[in-house]
Every structure is written in structure tokens, then in C-alpha cells.
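Colleague: Could you take me through the aromatic rings in this protein, one pair at a time? I would like a close look at how they sit against each other and what lies around them.

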Amino acid sequence: MGLFKRKEKAGKKEILQQNRVWIDQAVGVEYCADSREMYLEILQEYCSESRKSKSLLEECMKKQDWKNFAVYVHSVKSSSKTIGAVDFSDEALKLEMAAKEGNIKIIQKEWPEFCVHFEQVIREAEQIAEV
């Protein structure tokens with residue numbers, strides 16, 4: 001495959017990722033005892049805490065603080081699953097396990113895409129919660 005075709009394919013993947021729906025609200029509501037009201041409250045909390053969590057993770061990356069990275073990404077994993085962002089939660093799980101196992105290469109490889117996806121999940125959550 002030529003360089004142009006690889007760039008074209010990568011560009012198409014990027015466009016698909018930008019238009020991806022990350023949050024399955026039905027799953028999120030189910031995790032909230034089938035209460036839409038409770039789900040929206042949790043979603044609003046997710047919106048207010050996620051940017052802080054992202055900053056903490058970025059700081060851990062800079063400092064190479066893998067112990068705290070594992071703690072913070074575990075929190076992101078759990079809260080993301082609760083709101084119905086199951087695929088993103090799985091990405092966080094992969095990073096959490098890599099941090100716990102000391103597999104820094106996986107963290108460094110997955111980190112850039114994880115950050116992009118985290119931002120997409122946050123924006124989607126804000127739209128749903130009307131924040």
C-alpha cells in the first residue's frame with residue numbers, strides 16, 4: 001500500500017472516530033437502577049470530574065507516575081462504564097492493566113488515541129447532559 005493510500009485510510013479512520021457514538025444511554029440507565037433521572041445526575045458529575053481526571057492522567061504521564069496513573073485510569077474506567085461508555089471503559093482497562101504490570105510501552109503506544117477518545121466521550125456526555 002502506498003503512502004497516499006495509507007494516509008487516506010488513516011484519515012477515513014479519524015473521521016469515523018470523530019462521528020462515533022461512545023455512550024449507550026440505555027446501558028447507562030440500566031447501571032443507574034433504570035432511573036433516567038439518576039443517570040443524568042451521574043452524567044453531569046462525570047462531565048464535571050472528567051476534565052480533572054484527564055489532567056491528572058496527563059500529569060502522571062509527564063512524571064511517569066505509573067502507580068497513580070493506574071489509580072486514576074481505574075476511576076475513569078469505572079465511571080465511563082457507569083455512563084454507558086463501555087468501549088472507552090475497555091480502553092481504560094487496557095491502560096490500567098498495563099500500568100499495574102509495568103508495561104509502559106503499551107501505555108505510551110495507546111495514550112495518544114486514548115486522549116482523543118476521552119475528549120470525544122466528554123463532549124458527548126456534555127451534549128447528553130446539556131452541560
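Modeller: Happy to; here is a walk through the aromatic rings, followed by a few side chains of other kinds. Please keep in mind that this is a predicted model, in which local features need pLDDT of at least 70, side-chain atom pairs count only at pLDDT 80 or more, and totals for chains, interfaces and linings use all residues. Residues are numbered from 1 along each chain as its sequence is written, and side-chain values use heavy atoms, with hydrogens and water left out.

A pair of aromatic rings is described by the distance of the centres and the angle of the planes. Rings of Phe, Tyr and Trp (its six-membered ring) pair if their centres lie within 6.5 Å; planes under 30 degrees apart count as stacked, over 60 as edge-to-face and the rest as tilted. By this rule there are 7 aromatic pairs. One of them joins tryptophan 66 to phenylalanine 69, edge-to-face, at 5.9 Å centre to centre with 75 degrees between the planes. Both residues belong to helix H4 (residues 66-82), 3 residues apart, or about one turn of the helix. Helices here are DSSP runs (H or I, at least four residues), numbered from the N terminus. Tryptophan 66 and phenylalanine 69 are both buried, where buried means under 20% relative accessible area, exposed over 50%, and partly exposed in between (1.4 Å probe, protein chains only).

Phenylalanine 69 also pairs with tryptophan 111: the ring centres are 5.8 Å apart and the planes meet at 65 degrees, so this pair is edge-to-face. This pair links distant parts of the chain, since phenylalanine 69 is in helix H4 and tryptophan 111 in helix H6 (residues 104-129), 42 residues apart. Phenylalanine 69 counts as buried because its relative accessibility is 0%, and tryptophan 111 counts as buried because its value is 12%.

Stepping back, ring pairs link Trp22, Trp66, Phe69, Phe88, Trp111, Phe114 and Phe118 into a cluster. Arginine 20 lies over the face of tryptophan 22, 3.8 Å from the ring centre; the rule asks for NZ of Lys or CZ of Arg within 6 Å of the ring centre and within 35 degrees of the ring normal.

Helix H6 also holds histidine 117, which counts as buried because its relative accessibility is 3%. The side chain of histidine 117 makes a polar contact with the side chain of glutamate 91 at 2.8 Å (a pair of N or O atoms within 3.5 Å; within protein, one must be able to donate a hydrogen and the other to accept it, and residues adjacent in sequence count only if both atoms are side-chain atoms).

Technical notes. Helices (H or I, at least four residues) and strands (E, at least two) are DSSP runs, numbered from the N terminus.
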